[in-house]
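Let's take a walk through this one, a stop at a time. Keep the viewer open and rotate along as we go.

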Amino acid sequence: MCIVRTQHDVSEFYRKALAEGTQTAERLCAPVSDRFAGFLHGISADAPRTALELGYGMGTYSLALARSGFTVVAVDQVPARIFRSRLSANPDWLKHIDVVEQRVESCSVIGNFGLVIAKDVLHYLRQDQVRELLTRCIQRAPAAAGHFLEVFTDITRTDRRGHGVMIDGEAAYTAAGFRDLIERLYSGWAIHTTLSPHAERDTETARNYFEANRITVCAYRHTGTGALR
Ligand SMILES: C[S@@+](CC[C@H](N)C(=O)[O-])C[C@H]1O[C@@H](n2cnc3c(N)ncnc32)[C@H](O)[C@@H]1O
């Protein structure tokens, strides 16, 4: 038996967790990862200091980017007032982070960003939506831009009764399928992908309720490569 959760269920889950500041098993409040810090370190000084974060959650990565001198557009489906009210503690952040309440698949703000980050969000979209969204970001990427993506593939979810759980309309990538997409879309870029097994455990049932492979993509657009693809 497989339970199907809707995109609305996903949206409500994050709206509640982020509004209440609940610490979820996904560690939404965790500091930025070493992988991201390494990626940021590799961004060329020639890249425009403008960033787009797709699916910002707590906004930790947007804040880190603002602190590193980027002007950020942060997009998520959750009510923008949640993050804005955190940002209001420091009016300077509000000047550097534009919070946009929108589904990323219909994101209207894709411009010439020097940096794009989409961490732990694209797996919720359909495969055609991921392809279309990344294509738009790549087509508009200025020279020296960098993209950081983290996507769950080969996902197995189980509820407390041991039933499989799927999300309606999710990408359901295999690691090979996602890597293949990245190689095709980012042709001509310097790309580095890594795979790390990931599991989240329910301490009450002592069972993993989420298992997946996390694919991390660090992609850098070479400078001086001529026309945009
Ligand atoms: C697992 S959290 C990741 C948050 C953050 N990127 C991080 O890694 O800490 C997923 C986030 O993506 C957002 N999200 C999921 N599907 C989305 C969609 N279709 N459009 C916009 N936001 C979405 C959720 O609201 C949530 O904030």
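Arg5 counts as partly exposed, because 15 other C-beta atoms lie within 10 Å of its own, in between the 12 or fewer of an exposed residue and the 20 or more of a buried one. You'll find Arg5 in strand β1, which covers residues 2-5. Setting aside its neighbours within four places in sequence, Arg5 is in contact with Val10, Val165, Ile167 and Asp168. Gly169 is 164 residues away from Arg5 along the chain, yet the two C-alpha atoms are separated by 9.6 Å. Bear in mind throughout that this is a predicted model.

Step back for a moment and take in the whole chain. The secondary structure comes to seven helices and nine strands. Along the principal axes, the C-alpha atoms fill a box of roughly 55 × 45 × 30 Å. A compact globule of 229 residues would have a radius of gyration near 17 Å, and the chain has 17 Å, so the two agree. Buried residues make up 32% of the 229. As for how the chain comes together, take the contacts with a separation of 6 or more: 71% of them are between residues 24 or more positions apart.

Now for the inside. In soluble globular proteins, nonpolar side chains tend to be buried together. Here the largest nonpolar core has 55 residues, and the members that touch the most others are Ala51, Val72, Ala74, Leu115 and Leu122. Which element gives this core its largest share? That's β9, with six residues. Have a look at Ala51 while you're there: neighbours within four places in sequence aside, Ala51 is in contact with Leu65, Phe70, Val72, Phe113, Gly114, Leu115 and Ile117.

Next, swing round to helix α2, residues 34-41, where the buried residues are Phe36, Phe39 and Leu40. Viewed down the axis of α2, these buried residues fall within an arc of 100°, so they line one face of the helix. On the other side of α2 sit Asp34, Ala37 and His41, which are exposed. What do the buried residues of α2 pack against? Their partners are α3 (60-67), β6 (146-157) and β9 (207-221).

Just ahead of α2, in the loop that joins α1 (7-20) to it, is Pro31. With 11 other C-beta atoms within 10 Å, Pro31 is exposed. Pro31 and Tyr173 are 142 residues apart in sequence, and their C-alpha atoms are 27 Å apart in space.

Follow the packing from α2 into α3 and you meet another set of buried residues: Tyr61, Ser62, Leu63, Leu65 and Ala66. Their cover includes α2, along with β2 (50-54), β3 (71-76), α5 (91-96), β4 (97-101) and β5 (115-119). Just after α3, Gly69 takes a positive phi of about 100°.

While we're on backbone angles, most residues other than glycine have a negative phi. Two residues here are worth checking against that. Asp120 has a positive phi of about 60° although it is not a glycine, and it lies in the loop between β5 and α6 (127-139). Asp120 is partly exposed, with 16 other C-beta atoms within 10 Å. Ala172, not a glycine either, has a positive phi of about 50°. Ala172 lies in the loop between β7 (164-167) and α7 (175-185), and with 15 C-beta neighbours inside 10 Å it counts as partly exposed.

Over to strand β8, residues 189-202, which is where His198 is found. Is His198 buried or partly exposed? It has 18 C-beta neighbours inside 10 Å, so it counts as partly exposed. Apart from neighbours within four places in sequence, His198 is in contact with Phe152, Ala212, Asn213 and Arg214. Phe152 is 46 residues from His198 in sequence, and C-alpha to C-alpha the pair is 8.5 Å apart.

Last stop, the ligand. How many residues surround it? There are 20, and the closest are Tyr14, Gly55, Gly57, Gln77 and Lys119. By character, the shell divides into ten nonpolar, four polar and six charged residues.

Notes. Residues are numbered from 1 along each chain as its sequence is written. This is a predicted model: local features need pLDDT of at least 70, side-chain atom pairs count only at pLDDT 80 or more; totals for chains, interfaces and linings use all residues. Helices (H or I, at least four residues) and strands (E, at least two) are DSSP runs, numbered from the N terminus. The arc is that of the directions from the helix axis to the C-beta atoms. Two residues are in contact if their C-beta atoms, placed from the backbone, lie within 7 Å. A residue is near a molecule or strand if its C-beta atom, placed from the backbone, lies within 6 Å of it. Ala, Val, Leu, Ile, Met, Phe, Trp, Tyr, Cys and Pro count as nonpolar, Asp, Glu, Lys and Arg as charged, and the others, Gly among them, as polar. A nonpolar core is a set of buried Ala, Val, Leu, Ile, Met, Phe, Trp, Tyr and Cys residues joined through C-beta atoms within 7 Å. The radius of gyration is taken over C-alpha atoms; the globule rule is 2.2 Å times the number of residues to the power 0.38.
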